[in-house]
Amino acid sequence: MDNGTTKNIYLLRHGKVEGKTALNGVSDVLVNPNLQQQICEALVQHDVSFDGVVTSPLRRCSDLANLYAQRMSVPLSTTSGFQEMNFGEVDGVPFDELEDKWGMLETFWQDPANHRLTGAESLQSFHDRVTQAWAQLFSDPSDNLLLVTHGGVIRVLLAHCLDINWKNPSLYSKLSIENASITHIQVTQFAQSFICVKAIGLPIL
């Protein structure tokens, strides 16, 4: 970014996925194609026209990113750093099949930074890869960048931009980031970066 430039980054959480309710991290669950089309239409009608798209590789994000990028003829890149946290052995398993794991899940939700799920990514390594991917976004040439990603990623980025402790469990349990909602972060670069969170979780549908 040049001196005195402003970049707007719009973090879109993917639409509601199909299938039973589960802790979907790296499980590649799908959003109904009709819903993806609806979200794409809403993005086309949005008062901001995005001049670049970055997406998580998981299809609930990338299917939509592809639709929009093709429709609007804008560049698209895929960044694995923006995929959801890996929840290990409970990842993608429907909640109603997890009776014996509820204790572990409750403990995790109460303090995710200090309780790692079996076989899962730690919150620390999740935080590190997301913030590294974020730092690289700043060199993207787009002025209005659409980032199609996940609830966990958006929460970590909000904590990062607001200088909030990303280990605070309230960030994950009390902050609502709905499906198909936009969180708008503005980065102004002079001698240094100034970050302003302009909107959190605005529904697009």
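## Strand S4 and its partners

In this predicted model, strand S4 (144–149) is mostly under cover, with 5 of its 6 residues buried. S4 has parallel pairings to look at. One is with S1, where 6 bridges join the strands; another is with strand S2 (residues 52–55), over 4 bridges.

Which residue of S4 is the bridge partner of Ile 9? That would be Leu 145. Leu 145 turns up again on the S2 side, as the bridge partner of Gly 52.

## The largest nonpolar core

S4 also feeds the largest nonpolar core, which has 36 residues; Trp 134 and Leu 137 are the ones that touch the most other members. Strands S1 (5–13), S4 and S5 (181–189) each put in at least two residues, and so do helices H3 (102–110), H4 (123–137), H5 (151–162) and H6 (170–173). Which of these elements gives the most to the core? H5 does, with 7 residues.

Now zoom in on Trp 134. Leaving aside residues up to four places away in sequence, Trp 134 touches Ile 9, Leu 11, Phe 82, Leu 157, His 160, Cys 161, Ile 185 and Ile 195. Ile 9 is thus a contact of Trp 134 as well as a bridge partner of Leu 145 in S4.

## A second core, and Val 17

There's a separate second core too, made of 24 residues, with Val 17, Val 48, Val 53 and Ala 69 among them. Val 17 is worth a stop: this residue sits in the loop between S1 and helix H1 (33–45). Why does Val 17 count as buried? Its relative accessibility is 17%, and the cut-off for buried is under 20%.

What does Val 17 touch, not counting residues up to four places away in sequence? The list is Asn 24, Val 29, Leu 30, Val 31 and Arg 60. As for spacing, the C-alpha atoms of Val 17 and Asp 28 are 9.9 Å apart, with the two residues 11 apart along the chain.

## The largest pocket

On to the empty space. The largest pocket has a volume of about 760 Å³, and its lining counts 30 residues. Arg 13, Ala 22, Leu 23, Glu 84 and Arg 155 are the lining residues that lie nearest the centre. Sorted by class, the lining comes out as 14 nonpolar, 9 polar and 7 charged residues.

Helices H3, H4, H5 and H6 each bring at least two residues to this lining. H5 gives the most here, with 3 residues, just as H5 gives the most to the largest core.

Definitions and conventions. Residues are numbered from 1 along each chain as its sequence is written. This is a predicted model: local features need pLDDT of at least 70, side-chain atom pairs count only at pLDDT 80 or more; totals for chains, interfaces and linings use all residues. Side-chain values use heavy atoms; hydrogens and water are left out. A nonpolar core is a set of buried Ala, Val, Leu, Ile, Met, Phe, Trp, Tyr and Cys residues joined through side-chain atoms within 4.5 Å. Buried means under 20% relative accessible area, exposed over 50%, partly exposed in between (1.4 Å probe, protein chains only). Contact means heavy atoms within 4.5 Å. On a 1 Å grid over the protein atoms alone, a cavity is a set of points where a 1.4 Å probe fits but cannot get out, and a pocket is an open set with protein on both sides within 12 Å along at least five of seven lines; lining residues have an atom within 4 Å of a point. Grid points are joined across faces, edges and corners, and a volume is the space filled by probe spheres set on the points. Ala, Val, Leu, Ile, Met, Phe, Trp, Tyr, Cys and Pro count as nonpolar, Asp, Glu, Lys and Arg as charged, and the others, Gly among them, as polar. Two strands pair if DSSP finds at least two bridges between them.
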